[in-house]
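Biologist: I am new to this model and would like a close look at one part of it, the small group of strands and whatever packs on them. Please take me through it slowly.

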Amino acid sequence: MSQENKRQKTVVIGAGPVGTLAALYAAQRGHDVEIFELRSDLRDPSTVPLNFTKSINLALSERGINAMRQSGKPDLLEKVFGETIPMYGRMIHGKNTAGELYEQAQVYDVHGRAIYAVDRGGLNKALLDELDAMPNVKLVFNHKLTGADFKKRKAWFEVAGNPTSTGRNREIEVDFDLMIGADGAHSAARYHLMKYARMDYQQEYIDTLWCEFQIPAQETTWHVEERFCISPNHLHIWPGKDFMFIAIPSFDGSFTCTLFMPSANFDKLEANPNSVPAFFDTNFPGVTTLITPADLISSFKENPHLPLISIKCQPHHFSSSVVIVGDAAHAMVPFYGQGMNAGLEDIRILYSIMDKYVSTSEGDSSAIAAQREKALEEYSKYRKEDAHVINDLALQNYVEMRASVVSPIYTLRKWLEETLSMYVPSLGWQTKYSRVSFGNERYSEVIKKSERQGRLLVMSLIGLISSPVVIGAALALYKWRKATGPTRGLLKLQTWFGWKTT
């Protein structure tokens, strides 16, 4: 096949969920695809994740589901859903004024929709197995991207465990038409892209670290559901003012738990790890009945205390030769459960735009490159606004999860919006969370609609309070109080409204 009429070669950096889905989309369009992964085969249980934790559960919602649905592999979702657990809402844990433990459920969606707890390893395996069966896909593990020339479309990879006579690992050169960088927050693809594109880049570490714990499954010979010691259909939250502890169900009956806390608090506990159970009893009541004090201490000491990074950048591409997606383009804190879902959605949107410009995988390579450049430019401009919005929403949701979930004002607004959504659907009213997690409209549109709903609610309340009926009732109550004198009940009412007595 001549150079002018060759089949497009797509190189994907990173074999995580986003990279493998990108490879699947490219392969379905007839491209020759090579995936390069820094680590060993991710299906091997001995492969250590980049964050050095063995079990990370993810929240899969509509955006990620829709991206896989449109991958051209109808059996993929069936395989993925085979080992997922639906979560219909949050379960808030705490202790009341009487010192009694309580659980309070908050549904995610008034219409009963759920997000799904999915094991990262299981999801990765399903995607990699699909790619393994495709003749135009090559999986390459233990290869580290060390250099790239995006004008000549060449990349260089260091081969782990294959030293030369000098003692350094052997390096190989790879040609490509398009590189897709899906190699995470500390992306090598982005690093090399920044040498070519005039990229605006913002990186922020928030003052919160995280550490992983586990609630073990219960031993049972009866029903499968009895393996779970707390509800498997909720994301469990022990909120605190400045920190929180969460638990996400796993298919084997255990729960993957995460402590999110400012670094100063970690420093205090690191100085005396034996105080961890007492800290949990004070701030996360009930956890020590689910995880033994000894296991809390060992997990805190043995598991890493890792930072949370937030990244924004633009553009996401250079010319026709490279584009970055997922955390490489917009790493976010995990508090909206949208990191992976946004990355998977990147792939759906990227290829929906590419399909408008590039209709074939073969033909005049220079003509295809010119069309691909237009597509990448459009994608980069289109996705930038949405990536920045969900990044900000994820940061804001940390405050909601650790504090606002127990706020009466938050509960009231949620109830009002859900009531309108249920009983007056023609208004198109939805909570912000429902729009983000159960729909596919742009994140930037979600925030605009949510802010508009907030303004309408405030205006409606002001209108209600200032209406003649309400004012008349208030005046009548005032006159009656003047005539009869305040009672204990009225005094409480006056205090609540901020009225003064004479």
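Biologist: In which sense do E3 and strand E7 (residues 115-119) pair, and over how many bridges?

Modeller: The model is predicted, so local features are described only where pLDDT is at least 70 and side-chain atom pairs count only at 80 or more, while totals for chains, interfaces and linings use all residues. Residues are numbered from 1 along each chain as its sequence is written, and side-chain values use heavy atoms, with hydrogens and water left out.

E3 and E7 pair in the antiparallel sense, over four bridges; here two strands count as paired if DSSP finds at least two bridges between them. Both labels come from DSSP runs numbered from the N terminus, where a strand (E) has at least two residues and a helix (H or I) at least four. One bridge can be followed by residue, since leucine 60 has tyrosine 116 in E7 as its bridge partner.

This pair belongs to an open sheet of three strands, in the order E3-E7-E4, with antiparallel pairing. The edges are strand E3 (57-60) and strand E4 (84-87), each of which pairs on one side only. From one strand to the next, the twist averages 30 degrees, with angles taken from 0 to 180 degrees between N-to-C directions of axes, which are lines fitted to C-alpha atoms, for helices over the stretch in contact; contact itself means heavy atoms within 4.5 Å.

Across E3 and E7 lies helix H10 (residues 339-357), which runs at about 55 degrees to E3. In general, strands of a sheet pair through backbone hydrogen bonds, either parallel or antiparallel.
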